[in-house]
Amino acid sequence: MGGTTDEPAKQHELVTAFAETVRHIGASIGALYLLQPDEEVLSLELLSGASAELAAPWSRVALAAPAPVADAVRRDRLVWLGSQEEMTRSYPRTAMALPYPLALAAAPVTGVRPWGSLLLMWPANRPAYMTGRERRYIQSSCRRLARLLDEGAARGLSAGDGGPHVVVPATVGRDSAGPPMAAADFIERLPGGSCALDLEGRFTYLSSGACELLGRSADELLGTRPWQSLRWLDDPTYEDRYRAAVLSREPVSFTACRPPDTWLELHLYPDASGISIRIVRSGAQPPPVPAPRGSGRTVTPTRAGRLYQLMHLAAALTEVVGVQDVIDLIADQIMPAFGAQGLVLSAADAGRLRITGYRGYTPEAVRQLDALPLDTRLTPAGRAVGTGIPAFFTNQEEMRRTYPNAPMISGKNAWAFLPLVISGRPVGCWVLSYDEPHRFTAEERAVMTSLAGLVAHALDRARLYDTKHELAHGLQQALLPRTLPTVDGLRVAARYLPTTHGMDIGGDFYDLIRLGDSTAAAVIGDVQGHNVAAAALMGQVRTAVHAHAAVGTAPDRVLAGTNRLLTDLAPDLFTSCLYAHLDFAAGRATLASAGHPPPLLRLPDRTTGPVDITPGPLLGIDPDTVYPVTEIPFTPGLTLLFYTDGLIETPGTDIDEAIARLGRHFAEADDRDLDALIDELLRREGTTGQRADDIAILVLRHETG
């Protein structure tokens, strides 16, 4: 945070409040995530108890991600996970990336607006439940953090400046009983060796015994990481032991072989400031472990953090649905993981690379790069796709040697061109770019190349899904009425909302049919399923009902005729349907139902209740079914509400209670604007967000002619 004299002071207050919260609640690790302006992304701003490198895979979390920190903000509630088992059940993707015994809480930081969330982690040895006092303290601390952010915003200060900033926890009770040399002498007299690592994993102290057992001098090791300076520890298995100790705050032990045949036991004891390690010779040779035995390899193995990151991103890529989901995932999670500032995702189409998504490029640059032929010499993208070989350029000079115009178009300084190929078939190209020169390590290249294969499969699936979705959505929109007819003496409003799962289509439908100057027919139905077959059958049902109604058939005969058609078609899908014949001159409505929820009738004095109607079986079961008829008054001032079960059904709720609840909401709603009335019902029924079922609503109000 910078720009005014108030900003350092306000940042200090925020850091202090954050550090006090982590310390007082007894958490081993704390993190403050802030929502980025104009982005649906949470960015890691403050971190305590772990290194920034360790937290790098989670430095940015999409607000829509199935993760505790995101859920806390979306649902505006505290998320508590008392054990690894609970995390696995509730957040399997998070558990995959954090396979350690720990407890976790995520709480929203909300003031005048949602600011972000506070993440706290404890060792697994704490109770698996959260006390009311702990909950209140966390919520109070989040209000304090939000207040500081509110005050900063009121002064025009920015909420974050591109963290994470690591907050070093205060050490308590570390006063020595004697001079430092006495402590060093004490350690030297102990058998074996002792050393210490900071939270970044670097050696900060080594006893002479540790240097002897490790085979290196203190000068060679201080400031380095064990898996970098000791080749025989250069394996993700051993780095993972360090990660487990830091994140779980539990002691960890393992055995390793120092070439050629010296077996050592290493015991790690973590706390908030780092890790103390005891090293002793192993009494017996353990079974072989996957540690390297002094091989002459020059390729650095992929770090444990990268492996977990790859697993996390692989799981995320299996969950994306459409092309835009793939683009958002790469931009929100993969780009930050590699520190990239630019992204271009292109799909191979008719011999050209058409850009399907990008970040960090100007529209003019995208215009010049879009629809390039696969044999283009303007950029390496075409060659990468054609050969299936990724290309990495660490600076503009490397790029200019072969592609002199590419740097001028993008303005970037380093690039990774990653072909997207499935079974030898090119599907596109993925480009990550950097604003500054960037050296791609062997580890980065390996992980990027592996991810490119996963991205290729995800993009291919997403394109197929989008094609099917567009086809199905177009089919459904064509089958639903574009407009409803104008009928004298009747005000009407309707709404269709698809399910938010699957292909966003379904079989719910509604219709209003003008039969004469003073008569009309209203119909609503629900075909089983949320796919193309359901949408197609819905069109057949609506057509059949319309055909029978148009010739003046009575409601029971309309349903009987439609039922016979469906049983002849044998679609293996059942349909509920409610049909009403409205006679405004006579002031009555005649209804017949095929297993559909009863309509609600609202009187002028707002008295509301379900119509007492006897339903017949669903359409498509028995061709000889007879449907009972119910007649009710329908005079000026009365309002009828037709709906499908997607509006009211929730797991564990009795259907009669759900209808009664809808009746109360209907009675309390303002009916001067019927579209606004539908909006109010949807809001109060909690169906404006995620929906497991599609919804159709038809509202009919009899006005004085």
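Before I describe the sheet, one definition: two strands count as paired here if DSSP finds at least two bridges between them. Please also keep in mind throughout that what we are looking at is a predicted model.

With that in hand, let me turn to an open sheet of 5 strands, whose order is β19-β28-β27-β24-β25 and whose pairing is antiparallel. The edges of this sheet are formed by β19, residues 490-497, and by β25, residues 608-610, each of which pairs on one side only. If we ignore direction, neighbouring strands of the sheet are turned by 15° against each other on average.

Within the sheet, I would like to pick out one pair, namely strand β24, residues 600-602, and strand β27, residues 639-643, which run antiparallel to each other and are joined over 3 bridges. In this pairing, Leu600 stands opposite Leu641 of β27.

Two helices pack on this sheet, and I will take them in turn. Helix α21, residues 655-668, touches β24, β25 and β27, and its direction makes about 30° with that of β24. Helix α22, residues 674-684, touches β19, β27 and β28, the last of these being residues 695-702, and the direction of α22 makes about 40° with that of β19.

What links these two helices through their side chains? Glu668 forms a salt bridge with Arg684, with the closest N and O atoms 2.4 Å apart. Because Glu668 lies in helix α21 and Arg684 in helix α22, the pair ties together parts that are 16 residues apart in sequence. Arg684 counts as partly exposed, at 32% relative accessibility.

Another salt bridge joins Asp670 and Arg672, whose closest N and O atoms are 2.5 Å apart. Of these two residues, Asp670 is partly exposed at 34% relative accessibility, whereas Arg672 is exposed, with a relative accessible area of 68%. There is also a network, in which salt bridges with shared partners join Arg491, Arg602, Asp671, Arg701 and Glu703.

Let me now move to helix α14, residues 363-369, where Arg367 and Glu364 lie 3 residues apart, about one turn of the helix. Their side chains meet in a salt bridge, at 2.6 Å from N to O. Arg367 is exposed, with a relative accessible area of 55%, and Glu364 is partly exposed, at 41%.

To place these examples in context, a search of the whole structure finds 24 salt bridges, and among them are the Glu668 to Arg684 pair and the Arg367 to Glu364 pair that I have just described.

Conventions: Residues numbered from 1 in each chain as written. Predicted model: local features only at pLDDT ≥ 70, side-chain atom pairs only at ≥ 80, totals over all residues. Heavy atoms only, no water. Helix = DSSP H or I, 4+ residues; strand = E, 2+ residues; numbered from the N terminus. Axes fitted to C-alpha atoms, helices over the stretch in contact; angles between N-to-C directions. Contact = heavy atoms within 4.5 Å. Salt bridge = Lys/Arg side-chain N within 4 Å of Asp/Glu carboxyl O. Buried < 20%, exposed > 50% of the residue type's maximum accessible area, 1.4 Å probe, protein only.
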